[in-house]
Amino acid sequence: MSKYGLATYDKNGVSHAAIIINEQRYDLLTAYKAIAGCESIPVWAYSITEAIAQWETFKDELDGFAIKVEALVALNELTPVDTSCQILVPFKPATIFGTASNYHEHAAEMNTILAAKPDSSPYVFMKANTSVTASNTYVILPPETQKLDWEVELGVVIGKQARRVKAENALDYIAGYTVVNDISARDLNHRTDYPFKHDWFRGKSWDTFCPMGPVFVPKSSIDDPHKVGLGLTLNGKQMQDGNTSELIWDAFEQIEYLSSILTLQPGDVIMTGTPAGVGKGIGLFLKDGDVLEAWAEGVGCITNTIKAEVL
């Protein structure tokens, strides 16, 4: 089976779907026409969002198509997408879930005291899908926060409806993976004007607070989602260096927990947690002009620059 990724890019103001083979992007529609002709073009050749929304229908077709594209690439019969084209978010997520304090060392640096796992369950929050932004875009620093922080995470993408799924069966419901940087305004996560002390909505759901991408990688391209290296640099200096093997609640357990409450839908993204090395742990926060690079091994790397909002 071919290892590949799917992406979306902008050309002259129009979004196009792409397939990634050997780290090169190829226009998906052009590749389809080269292989199958111009009749009965499937919706996935135009839209990665639609491909994931109907993943159960299209996944085998896409896996087989990727093998054919790889053969054309080997024969130099396809031209890569111009590298000057802006890479967009690979797909529009339906709902974004996040699992907090899901690495022991990260919990420790945040001074979070966790109950023993048998006496606990995942702590999940939601992040607005309007907060999503692509690689090579600005993360806007609003004047309301003085403590903007970073969190690299492996994003697990749901591929079919999941309700009351057991952890041992959860992999069947995963379409694939992407990289997420869960940007957080730490000082806005807390409130003193209400008896409710935490407000994660206003700390995490501002526009541009969810860089995601640069690709969607099908689960067939990752041998084990619990052996994925994660890292993040700030202005070239490595701040985070972790591995999903260190998750307290692994991705399958998170799916079990979430699906016990609601029905997960194709295109939902679960931000599975961040390893140690965030800014709050050392009192370092983001400022105008800072550059973040966040990556997941075998998935990709997203780069974003902080830009102070001018009112």
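This passage walks through a sheet, some ring contacts and the cysteines of the structure. The model is a predicted one, which is worth keeping in mind throughout.

Start with the sheet. Five strands make up an open sheet with mixed pairing, in the order 8-18-17-14-15. The two ends of that order are strand 8, covering 137-141, and strand 15, covering 237-243; each has just a single partner strand, so one side of each is left without a neighbour in the sheet. On average, neighbouring strands here are turned by 20° against each other, ignoring direction. In general, the strands of a sheet are held in pairs by backbone hydrogen bonds, and the pairing can be parallel or antiparallel. At the strand 8 edge, the partner is strand 18 (residues 300-308); the two run parallel and are joined by five bridges. One residue pairing to look for is Leu141, whose bridge partner in strand 18 is Ala308.

Next come the rings. Across the whole structure, a search turns up nine aromatic pairs. One of them is Tyr32 with Phe65, a tilted pair with 5.9 Å from centre to centre and 35° between the planes. Tyr32 belongs to helix 1 (residues 28-36) and Phe65 to helix 3 (residues 55-74), so this contact ties together parts that are 33 residues apart in sequence. Both partners are tucked away from solvent: Tyr32 is buried at 11% relative accessible area, and Phe65 is buried at 5%. Trp44 comes into the picture too, as ring pairs link Tyr32, Trp44 and Phe65 into a cluster.

Some rings also have a lysine over the face. Lys307 sits over the face of Tyr138, 4.7 Å from the ring centre. This contact brings the story back to the sheet, since strand 8 spans 137-141 and strand 18 spans residues 300-308. Elsewhere, Lys117 lies over the face of Trp249, at 4.8 Å from the ring centre.

Finally, the cysteines. How many disulfides does the structure hold? The count is zero, and the sulfur distances for two of the cysteines fit with that. For Cys85, the closest cysteine sulfur is that of Cys301, and at 19 Å it is too far for a bond. Cys301 has its closest cysteine sulfur in Cys210, but the 15 Å between them is again too far for a bond. For scale, a disulfide calls for sulfur atoms within 2.5 Å. As for surroundings, Cys85 is buried, with a relative accessible area of 15%, whereas Cys301 counts as partly exposed at 31%.

Technical notes: Residues are numbered from 1 along each chain as its sequence is written. This is a predicted model: local features need pLDDT of at least 70, side-chain atom pairs count only at pLDDT 80 or more; totals for chains, interfaces and linings use all residues. Side-chain values use heavy atoms; hydrogens and water are left out. Two strands pair if DSSP finds at least two bridges between them. Helices (H or I, at least four residues) and strands (E, at least two) are DSSP runs, numbered from the N terminus. Axes are lines fitted to C-alpha atoms, for helices over the stretch in contact, and angles run from 0 to 180 degrees between N-to-C directions. Rings of Phe, Tyr and Trp (its six-membered ring) pair if their centres lie within 6.5 Å; planes under 30 degrees apart count as stacked, over 60 as edge-to-face and the rest as tilted. Buried means under 20% relative accessible area, exposed over 50%, partly exposed in between (1.4 Å probe, protein chains only). A charge sits over a ring if NZ of Lys or CZ of Arg is within 6 Å of the ring centre and within 35 degrees of the ring normal.
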